[in-house]
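User: Could you take a close look at one part of this structure for me, starting from its surface and working inwards? I am in my first year, so please go step by step.

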Amino acid sequence: MGEIGLRRYLFQQITNDVTLQIQNEIVDTINAFLPFVEVQDIQVKTSNNDESVNVNTFSVNVLFNIKQSPNILESVEIAVSSVDGPAGGGSTTSAGGGGGY
């Protein structure tokens, strides 16, 4: 454990079962390494269910809060792509504040 390994899902058909597997792995990893974080929602987006996502790419958006501050929601989005990004990693991460969640 310690690494979720989202790239292994890149060339798989993202079915409901695979989406649930991704979500469970994220929650298990967060619970193991960040026990002070409470996951509120995990969305897996592909080109099949979101027009803004490119083909050969999927993104995972995790909505969470710190347990000591349950009313402040944060999010992080991870995009996994078959095309290498600027640093050659093939994935990008962005974080944003709660706001309208």
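Analyst:

**From a surface patch to the core**

In this predicted model, Phe33, Leu34, Phe36 and Ile66 make a nonpolar surface patch of about 360 Å². One of these residues, leucine 34, sits in the loop between helix 1 (16-33) and strand 1 (37-46). Leucine 34 counts as partly exposed because its relative accessibility is 36%, and the band for that label runs from 20% to 50%.

Helix 1 also holds aspartate 28, which is partly exposed with a relative accessible area of 43%. Although aspartate 28 and isoleucine 4 are 24 residues apart along the chain, their C-alpha atoms are separated by 9.3 Å.

The helix is also where we meet a charged pair. Side chains of opposite charge can pair when their charged atoms come close. The structure holds 1 salt bridge, and in it the side chains of arginine 8 and glutamate 25 meet at 2.5 Å, taken from N to O. Because arginine 8 lies in the segment before helix 1 while glutamate 25 belongs to helix 1, the pair ties together parts that are 17 residues apart in sequence. The two partners carry separate labels: arginine 8 is partly exposed, with a relative accessible area of 46%, whereas glutamate 25 is buried at 19%, since buried means under 20%.

Moving inwards, the largest nonpolar core has 16 residues, and those with the most contacts inside it are Leu6, Tyr9, Ile22, Ile26, Phe58, Val60 and Val62. Helix 1, strand 1 and strand 2 each supply at least two residues of this core. Isoleucine 26 gives a view of its surroundings: leaving aside residues up to four places away in sequence, isoleucine 26 touches Ile4, Ile42, Val60 and Val62.

Strand 2, which covers residues 57-66, also contains asparagine 61. Asparagine 61 is buried, with a relative accessible area of 12%. Not counting residues up to four places away in sequence, asparagine 61 touches Asp41, Ile42, Gln43, Ser75, Val76 and Glu77. Ile42 therefore appears in two contact lists, that of isoleucine 26 and that of asparagine 61, where contact means heavy atoms within 4.5 Å.

One more asparagine deserves a careful look. Asparagine 56 is found in the loop between strand 1 and strand 2, and it has a positive phi of about 65° although it is not a glycine. With a relative accessible area of 43%, asparagine 56 is partly exposed, whereas asparagine 61 in strand 2 is buried.

Technical notes:
Residues numbered from 1 in each chain as written. Predicted model: local features only at pLDDT ≥ 70, side-chain atom pairs only at ≥ 80, totals over all residues. Heavy atoms only, no water. Patch = residues over 30% accessible without salt bridge, like charges linked within 9 Å, V, L, I, M, F, W, Y side chains within 5 Å. Areas by Shrake-Rupley, 256 points an atom, 1.4 Å probe, with all protein chains shown as cover. Salt bridge = Lys/Arg side-chain N within 4 Å of Asp/Glu carboxyl O. Helix = DSSP H or I, 4+ residues; strand = E, 2+ residues; numbered from the N terminus. Buried < 20%, exposed > 50% of the residue type's maximum accessible area, 1.4 Å probe, protein only. Core = buried A, V, L, I, M, F, W, Y, C linked by side-chain atoms within 4.5 Å.
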